[in-house]
Amino acid sequence: MNEEGKDLEGVRLYRPGVIAAYTVLSGMAIGLLLYALNLLRRGQRWLGVLTLVLCGVLFILIAAVFTMGGRMFGLGLLGVLAAILIYQLERKPFDLALERGATPAKWWPPILFVLAFLLVLIVAAGLFGPSDLADLP
């Protein structure tokens, strides 16, 4: 964890509400990525790296399930619960970081990452996913 008096001037952190929204909308993957970035930027290296590893595993799981033609309905409810938890965990550290000079990061750049990830999933599903055409006579 950061030293108590360490200056965070110029450090950009995502707001807890933004992280929670991305957690719900992306099935946790993007929200966990943003949370990990906040942890790393505040100097919480081990927790940030651990969260990044979890995020990577989740990206691979989502890509594999989507490519195989599966659905992940249960991830929606889990995403809502994770969003509530992350919001509660991040609210106070975010406010303290603002007091120490950090600034809120813009909310929209992660959307570009989401769109790129969706494009990769669609291409992967088209190339490697199950083909419905094989069932035609």
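## Around Ala97 and the helical cores

Leaving out neighbours within four places in sequence, Ala97 is in contact (heavy atoms within 4.5 Å) with Leu8, Leu13, Arg42 and Ala102. Before going on: this is a predicted model, where local features need pLDDT of at least 70 and side-chain atom pairs count only at pLDDT 80 or more, while totals for chains, interfaces and linings use all residues. Numbering starts from 1 along each chain as its sequence is written, and side-chain values use heavy atoms, with hydrogens and water left out.

Back to Ala97, which sits in helix α4 (residues 74-99). Helices here are DSSP runs of H or I with at least four residues, strands are E runs of at least two, and both are numbered from the N terminus. One of the Ala97 partners is Leu8: the two are 89 residues apart along the chain, yet their C-alpha atoms are separated by 6.7 Å.

Zooming out, the protein has 5 helices and 2 strands, and along the sequence they run β-α-α-α-α-β-α. Of its 137 residues, 36% are buried, meaning under 20% relative accessible area (exposed is over 50%, partly exposed is in between; 1.4 Å probe, protein chains only). Among contacts with a separation of 6 or more, 76% come from residues 24 or more positions apart.

Now for the inside. A nonpolar core is a set of buried Ala, Val, Leu, Ile, Met, Phe, Trp, Tyr and Cys residues joined through side-chain atoms within 4.5 Å. The largest one has 22 residues, and Tyr14, Ile19, Leu34, Leu58, Phe59 and Ile62 touch the most other members. Helices α1, α2 (29-41), α3, α4 and α5 each put in at least two residues, with the largest share, 7 residues, coming from α2.

Tyr14 has quite a list of contacts outside its four-place neighbourhood: Ile19, Leu34, Leu37, Asn38, Arg41, Glu90, Phe94, Ala105, Lys106 and Pro110. Phe94 also turns up in a second, separate core of 6 residues, which includes Leu8, Val11 and Ala102 as well.

Helix α1 (residues 16-25) has Pro16, Val18, Ile19, Ala20, Tyr22 and Thr23 buried. Just past α1, Gly27 takes a positive phi of about 65 degrees.

Over in helix α3 (residues 45-67) you'll find Thr51. Skipping neighbours within four places in sequence, Thr51 is in contact with Leu32, Tyr35, Ala36 and Leu39.

As for aromatics, rings of Phe, Tyr and Trp (its six-membered ring) pair if their centres lie within 6.5 Å; planes under 30 degrees apart count as stacked, over 60 as edge-to-face and the rest as tilted. By that rule there is 1 aromatic pair. The rings of Phe59 and Phe113 have centres 5.8 Å apart and planes at 80 degrees, so the pair is edge-to-face. Phe59 lies in helix α3 and Phe113 in helix α5, so the pair ties together parts that are 54 residues apart in sequence.

Here is how some of these residues, plus Ile111 from helix α5, come out on burial:

| Residue | Relative accessible area | Class |
|---|---|---|
| Ala97 | 1% | buried |
| Thr51 | 8% | buried |
| Phe59 | 13% | buried |
| Ile111 | 32% | partly exposed |
| Phe113 | 39% | partly exposed |

Within the aromatic pair, then, Phe59 is buried whereas Phe113 is partly exposed.
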